[in-house]
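Visitor: I am new to this structure and should like to learn how to read it. May we take a few features in turn?

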Amino acid sequence: MYTAWTVKHKPQTLSEVVGNNEAIQKLTNWIESWNKGIPKKRATLLYGPPGIGKTVSIETLANDLKMELVEKNASDYRTADAVKRFAGLASQYSTLFGDKRVILLDELDGITGTSDRGGVRAVIETIKTARCPVVLIANNAYDRKFSNLRRYCLLIEFKKPTVLQVARHLKSICASEGIEADERALKLIAERSGRDVRSAVNDLQALAQSRKQLIYEDVAWLAERDRKDVIFKVLNTIFRARDCLEAKSAIDAADVDPDMLFQWIYENVPHQLTDARDLAMAMDALATADVYRGRIRATQNWRLLRYVFDFMTAGVAMSRQRTKPSGWVPFKFPERIQWLGRTKRDREMQSLIGMKVKKKMHVSSTRAVKEILPYLRVIFEANAEMAAGIAKWLDVDESMIKYLAGSEGRARAILGNISG
Amino acid sequence: MSYEMWTEKYRPKSLDEIMNQKEIVERLKSFVKAKNIPHCIFAGPPGTGKTTAALCLTHDLYGENYRGHLKELNASDERGINVVRETVKTFARTRSIGEIPFKIMILDEADNMTRDAQQALRRTMERFTETCRFILICNYSGKIIEPIQSRCAPFRFTYLSKEDQHTYLQKIIQKENVQVLDEGFNAIFEVSGGDLRKAVNALQAAASLGRPINTETMYSVVGRANPVDIQNMMLLAMKGNFVEARNKLREMIWKYGLAGNDIIRQVHIEIFRSQLPERWKIKLAEAIGEIDFRLIQGADDEVQLSALLARLTEAGYEIQKGG
């Protein structure tokens, strides 16, 4: 079953929250001050960009202090009436069972009304008479509609954590998932997410889930986050479309590079269409789209692009005949690009050796790679003496010998034979 | 033990040493006698002696120092027609010293040239006919444009017979002191299918293991040379594990640089060797043929072969259901 890592690896205690030590200390002090009576400010406003731990800070703090957290978000207090409905909760600090209570109003940016009318006004009224801590959360505390509200609140700013802090968090997730991750890769994810911890964790999941290893090249190609959202939306349309036109509309809806989109669809077809017959039909549609791509290349006639689109969208969408609906299946990143990245060194090495072979053996370097290199590999693995002779004859260098031999030890044996 | 690749060490130097393709060799010898050759197309499958014949012909025409009269170009490596044109210009501008007034240009894998490049080549060939003769080497002469074909003498090379291959390999194993059992010979032939270059490379790789060569050695070499097992990939697909099968395919293509046409040829062989119901073999052969054709036309290896794997997954499902 699929669980979002943002949920699975959500901090359980305040100490696990990434960064923002100063803000968290301030928040803790303020909450604890309630034990000595009602403080001057009965509410606090936590503000800062999304995905950096505002909500999770108060959640874990309440949990650590064994307080009851009453959580409301935008839809619960859209209007003054809605606010009044739960305002009563704020009139008591201790609950019936002796627990202490915190009221959390999340996503305050979505509230209606101006600074002293409607929802905001009702929130202010609630705060004025509150007998328990009221925590407000907003992205922008300096919105004009909050100008009155601010006077009643202790303002605590949450800042973006550093790239290093985010990367460290990702590393601990990888550790508990049993993934060996390259530090540079994690830093890059952190950077690309704009130091938004939540989106960084989402990206990490998309890239690394059910894998043992994550390297820099896996991440390097990762598109800017909002581009990914656009692609996800397009994929969603295609895989859920009921008719051809709906599926085809996905292309017009977004300005996505067709080749890139093709790779996304190609990657995800087997995960979305699990019935063997549907799968075959959809892969067939993609193969047909690919034939038209080839025809465009050959004729340079871009008019044919419309048929590529037909088959990669409508063709795939209409293949869903028998696959049973099964909840939400997460989209996978196109692995082909990762394969290209991961095997780049291999292919570079192969083509260098191919060039050497070409000089001696009257074949093109590409054919050398395909037809001769595999046998060289066998010889270099099995017979250091013969390999040494061939290495000299082909004039391959140490790194090529190492590649062909497949291990340091065997490469050393061959090199020993060359000098000896 | 010898320290170079045996395909080069034992490549015939002169037309007299070529033991197969008898009719072709006879015609080429008559060119040598006349000290004149037309433009030629050598067409045929890999490992049948096209390049060797071209090199031997040149050797026999000019003698030991034939290299100065010869230029080898490979169309797959030098795709741009400008490279060909410039190379030909500089090479053919000066007349050959000696009694033969022209030089020879071998253009290997010529079927990889685009039609535009071939058109340009045709003009170049005409312009320099006096000073330069072309030998175009390709797998399919059909991919060479008509105007070029009509200006060339065509030669069709065919796969070596089992006997010819045997005689040739026998010479090598005597010189190199390798022990090959009869069954080993059969295995080599099966593996190479008459492609002599492949046969010799496989033989050398097997010899490098340092034990008498039998069927098992041969297949272990082939197994090592093809680290990803095509049969295994097909099995995964048919058992319904398409995603895993696609990953194997990616490993073959991206990590080991295998070509789509090599993979599909192997898949084709395996289908007919398999235990599948007979009518499914034919059904799948149709799909394979279509996809092979698409590959020839330049479609994407991975996408097309994935579609084929999906067909195998479908077949596996239908067969299990009793279809």
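The dialogue that follows concerns a strand and a pair of helices in this predicted model.

Visitor: Is strand 1 of chain A buried or exposed, and what should one look for?

Guide: In a regular strand, side chains alternate between the two faces of the sheet. One therefore examines each face separately. In strand 1 of chain A, Ala43(A), Leu45(A) and Tyr47(A) lie on one side and Thr44(A) and Leu46(A) on the other, and all are buried. Because five of the five residues of this strand, residues 43–47, are buried, the strand is largely enclosed by the rest of the structure.

Visitor: In which sense does strand 1 of chain A pair with strand 4 of chain A?

Guide: The two strands pair in the parallel sense, over five bridges. Tyr47(A) stands opposite Ala138(A) of strand 4 of chain A. Strand 1 of chain A also pairs in the parallel sense with strand 5 (residues 153–157) of chain A, over five bridges. There, Thr44(A) stands opposite Leu154(A).

Visitor: At roughly what angle do the axes of helix 13 and helix 15 of chain A cross?

Guide: Angles under 35 degrees count as roughly parallel. The axes of helix 13 (residues 258–272) and helix 15 (residues 305–317) of chain A cross at roughly 30° and come within 11 Å. The two helices are therefore roughly parallel to each other, and their crossing is left-handed.

Visitor: Which residues of helix 13 and helix 15 of chain A meet?

Guide: Pro258(A), Phe262(A), Ile265(A) and Val269(A) of helix 13 meet Val308(A), Met312(A) and Val316(A) of helix 15. The residues of this contact comprise seven nonpolar, no polar and no charged.

Note on methods. Residues numbered from 1 in each chain as written. Chains lettered and ligands numbered in written order. Predicted model: local features only at pLDDT ≥ 70, side-chain atom pairs only at ≥ 80, totals over all residues. Axes fitted to C-alpha atoms, helices over the stretch in contact; angles between N-to-C directions. Helix = DSSP H or I, 4+ residues; strand = E, 2+ residues; numbered from the N terminus. Parallel < 35°, antiparallel > 145°, perpendicular 65-115°, else oblique. Left-handed = near helix turned anticlockwise from the far one by under 90°. Contact = placed C-beta atoms within 7 Å. Nonpolar A, V, L, I, M, F, W, Y, C, P; charged D, E, K, R; others polar. Buried ≥ 20, exposed ≤ 12 C-beta atoms within 10 Å, placed from the backbone. Pairing = 2+ DSSP bridges.
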